[in-house]
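The exercises below are to be worked with the sequence and the model open side by side. Each task is followed by a solution in steps.

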Amino acid sequence: MTAEYKVNGDVAVITLANPPVNGLGLATRQGITEGLAKAQADDSVKAIVITGAGKAFSGGADIKEFGTPKALQEPNLLSVIAAVENSAKPVVAAIHSVCMGGGLELALGCHYRVVAPGTSIALPEVKLGLLPGAGGTQRLPRVLGVETALNMIVSGEAVKSELLAAAPGQKLFDKVAASPGSLMDEAISFARSVAGQGAALPRVRDLPCKHPQGDAYFGFARNMVKGMAKNYPAPVKCVDAVEAATKLKFDAGMAEERRLFIELMMTPESSALRHLFMAERAASRIPDVAEDTPKREIRSVGVIGAGTMGGGISMNFLNAGIPVRILEMKQEALDRGVATIRKNYESQVKRGKLKQDKYDERMALLSTTLNYDDLRDCDLVIEAVFEELGVKEAVFKELDRVAKPGAILASNTSTLDVDKIAAFTQRPQDVVGMHFFSPANVMKLLEVVRGKETAKDVLATVMALAKKIKKTAVVSGVCDGFIGNRMIEQYSRQAGFLLDEGATPEQVDKAMEKFGMAMGPFRMGDLAGNDIGWAIRKRRATERADMKYSRTADKLCELGRFGQKTGAGWYDYQAGKRDAIPSPVVVELIEKHRKDEGITPRQIADEELEQRLVYALVNEGAHILEDGIATKSGDIDMVYLTGYGFPIWRGGPMHYAGQVGLYNVAESMRRFARNPRDDGKFWEPAPLIQKLVAEGKSFD
Ligand code: 3HC
Ligand code: NAI
């Protein structure tokens, strides 16, 4: 049983006890109804208090139960709330810390609510692509007014209890406790004070729910929400449900809420958002690293290299209040790097995003040096120097000489072998890859590259540190490109073949942007620099001569068209602007290339463009799982959602493939295999895909 029942004099206390956040799973729901029944049967009990153990009143319905038979099994949340509301003895919710989703709906079913200051109150279901499905859309407007309630429901954002308690006319809280520590005593006294009053118990459902200009207001709200959430169906349904609260009788409104909730539960968008919620949290768990692994303390960080990456990486730690010392080879490089950091912060101050005192605090945490000995006290050193193994070797040998025992030595390399880098030191167990994405102070993704000797406590420390600097960390094994870039290489290869066969860069980019990618592959190439892929292909020519590429990208680079930085790439750019203008030079280049190769171009439908690019990611993702480079498909999705602009509402490439159905994905791959441009192997479904298809499973 995950709810405890205790009697305190004449008050029964039901305490939800389902760590970590008292999710309202089946056993907890049973615990509540059984507690209620006991309290009704006990004549000495005059009132009931419901509260939550630990760090939450309740985080809401148990998300882990969604889609399982338990979610539907009685008593479901609606039945529990009905039992609370129909209790003959007054029920008081003692709310603290976090009261969200179904937790708030449960509290709204209680006759009275006493709240601790500082409690986060929310109906965050919209963030899971849902709407509150246990009366939230019908009861919250009755206690907070339609507009405040709708804002909370559509945004899903938490509001502090004291703010809501201060709202004129609010009926959400009957009492605010003096402090979290006194909440239970105050709630029990309150329960006693309302027990046996004889009058009918107050029920939120009986309160009126009206808006003076309902039609105009809801019309306006619906238009606003539609404009802001065009790929998400839930926010508009939230408006529909709250409007129903104002127009229908309570029970009819509840039925309408239920209908909309079930409709949303079936949408691919909700499935994607729920997957994201779980995958994000699961990413920080590493199968063979126990959660209680002791972590090393990181009180100061050294960064080597004050270039593009070194500066951004430093800012992450400064933002988190951790002192940073940057090392460079020359004073000018240091000055340039510090000036860039300063400029970045100053622009935040100008835009009102950062207060002056915070800016001063952050800059005061930054120091610089030209001398390795000054890094001797750092708990973590991150190297971000030129991408050449020889340069990395010199740096890591120096680090090995000066760093204190137990210091973590990290490399931000994007392509080099972390095991080789670790072998430059006498302490490979302390070496790890920390692959930030550019701009490093903005991008959420951090690939944590686990070398074959990386110690478990180093991994545990870096994963915890990532949270502190607000990054989504995903563990990758050592391989060329790690998770993200290894997959993007296949995506880019496929994009090249599409040009050979008849597509234009613009057509491909438009199709992928319509699919939801933040940027199509060619605009992305222009942004990152086409010379990066060129260098990789040159390397491949010796390492993997069997791997075929379209020659269009090489020909583009031979013209010096590296992208935005050279003012021309797959597109033309005007000075100082980022707009991609289709280029006649590129069209000519591609057409000539086709002629040289004897290709007759064909019209390629957007659907084929989209499928070939996304399934190229999926197939390589499957190989990455087979090779043990990623341990969970959700990790791959997190990489793509946070680092590569994959549309959130599609849940990442691996989840999306499951939505399409792996059987369908594999069939499409077989159809594409007739494509003569690749090396004949590109579209062979990965063995893992074939196995999952045979078992009728998906990656999830
Ligand atoms: N059900 C089950 N588990 C939940 C949960 C929930 N509603 N909310 C959080 N958890 C779990 C997380 O999965 C995580 O588990 P893990 O440690 O095994 O990875 C753990 O609780 C801690 O979560 P966080 O890392 O997010 O911890 P924080 O302290 O940062 O945040 C929180 C706590 C504010 C409760 C945050 O977890 C949160 O926002 N949760 C989602 C709340 C939510 O969306 N509720 C609505 C659910 S849908 C619903 O109620 C439908 C109803 O209307 C019918
Ligand atoms: P950069 O060229 O902007 O900066 C490198 C800096 O390192 C320069 O300031 C240089 O003076 C300094 N440096 C070189 N050798 C040094 C040495 N021996 N000691 C001290 N300082 C030295 O390069 P960038 O883009 O910052 O890349 C750095 C690393 O980050 C590379 O390994 C790169 O592969 C990786 N990376 C780059 C990304 C990007 O988008 N630019 C993304 C992710 C990783």
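**Exercise 1. Determine which residues Val225 touches, leaving out residues up to four places away in sequence, and describe its setting.**

Solution. The model is a predicted one.
Step 1. Locate the residue: Val225 belongs to helix α9, which covers residues 214–228.
Step 2. List the contacts: beyond residues up to four places away in sequence, Val225 touches Val154, Pro235, Val236 and Val239.
Step 3. Take one of these partners, Val239, which is 14 residues from Val225 along the chain; the two C-alpha atoms are separated by 8.3 Å.
Step 4. Assign the burial class. Buried requires under 20% relative accessible area. Val225 has 10% relative accessibility and therefore counts as buried.

**Exercise 2. Establish how far helix α4 is enclosed by the rest of the structure.**

Solution. Step 1. Helix α4 comprises residues 102–109.
Step 2. Inspect its residues: Gly102, Gly103, Leu104 and Glu105 are buried, as are Leu106, Ala107, Leu108 and Gly109.
Step 3. Because 8 of the 8 residues are buried, α4 is largely enclosed by the rest of the structure.

**Exercise 3. Describe the surroundings of two arginines in loops, Arg602 and Arg285.**

Solution. Step 1. Arg602 sits in the loop that links α24 (584–597) and α25 (606–626).
Step 2. Neighbours within four places in sequence aside, Arg602 is in contact with Glu501, Gly502, Glu608 and Arg612.
Step 3. The C-alpha atom of Arg602 is separated by 9.9 Å from that of Leu498, although their positions lie 104 residues apart along the chain.
Step 4. Partly exposed is the class between 20% and 50% relative accessible area. Arg602, at 36% relative accessibility, therefore counts as partly exposed.
Step 5. Turn to Arg285, in the loop between α12 (268–282) and β10 (301–304). Its contacts, with neighbours within four places in sequence set aside, are Glu291 and Lys632.
Step 6. Arg285 and Met463 are 178 residues apart along the chain, and their C-alpha atoms are separated by 8.7 Å.
Step 7. At 43% relative accessibility, Arg285 also counts as partly exposed.

**Exercise 4. Examine the peptide bonds Glu74 to Pro75 and Ser438 to Pro439, and the phi angles of Lys470 and Phe482.**

Solution. Step 1. Recall the background: most peptide bonds are trans, and most residues other than glycine have a negative phi.
Step 2. The bond joining Glu74 and Pro75 is cis, with omega about 0°. Pro75 lies in the loop between α2 (69–72) and α3 (77–85).
Step 3. Ser438 and Pro439 are likewise joined by a cis peptide bond, here with omega near -5°. The loop that holds Pro439 runs between β15 (431–436) and β16 (445–450).
Step 4. Lys470 has a positive phi, near 60°. Its place is the loop between α18 (456–468) and β17 (472–477).
Step 5. Phe482 also has a positive phi, near 50°, and is located in the loop between β17 and α19 (484–501).
Step 6. Compare the burial classes: Lys470 counts as exposed at 67% relative accessibility, whereas Phe482 is buried, with a relative accessible area of 0%.

**Exercise 5. Characterise the overall architecture: is the protein as compact as a globular protein of its length, or less so?**

Solution. Step 1. Count the elements: the secondary structure comes to 29 helices and 19 strands.
Step 2. The radius of gyration is 29 Å, and the globule rule gives 27 Å for 700 residues; the two values are close, so the protein is as compact as a globular protein of that length.
Step 3. Consider the extent: the C-alpha trace spans about 90 × 60 × 50 Å along its principal axes.
Step 4. Divide the chain: the domain assignment gives domain 1 (3–265), domain 2 (301–476) and domain 3 (484–695). The centres of domain 1 and domain 3, taken over C-alpha atoms, are separated by 47 Å.
Step 5. Assess the packing: buried residues account for 54% of the 700 residues. Of the contacts between residues at least 6 apart in sequence, 73% join residues at least 24 apart.
Step 6. Finish with surface and charge: the protein exposes about 30,300 Å², of which carbon and sulfur atoms supply 54%. The mean positions of its 90 positive and 88 negative charges are 2 Å apart.

Methods
Residues are numbered from 1 along each chain as its sequence is written. Chains are lettered from A and ligands numbered from 1 in the order in which they are written. This is a predicted model: local features need pLDDT of at least 70, side-chain atom pairs count only at pLDDT 80 or more; totals for chains, interfaces and linings use all residues. Side-chain values use heavy atoms; hydrogens and water are left out. Helices (H or I, at least four residues) and strands (E, at least two) are DSSP runs, numbered from the N terminus. The radius of gyration is taken over C-alpha atoms; the globule rule is 2.2 Å times the number of residues to the power 0.38. Buried means under 20% relative accessible area, exposed over 50%, partly exposed in between (1.4 Å probe, protein chains only). Contact means heavy atoms within 4.5 Å. Accessible areas come from the Shrake-Rupley method with a 1.4 Å probe; for residues, only the protein chains shown count as cover. Lys and Arg count as positive and Asp and Glu as negative; His and the chain ends are not counted. The place of a charge is taken as NZ of Lys, CZ of Arg, CG of Asp or CD of Glu. Domain bounds come from an automatic or database domain assignment.
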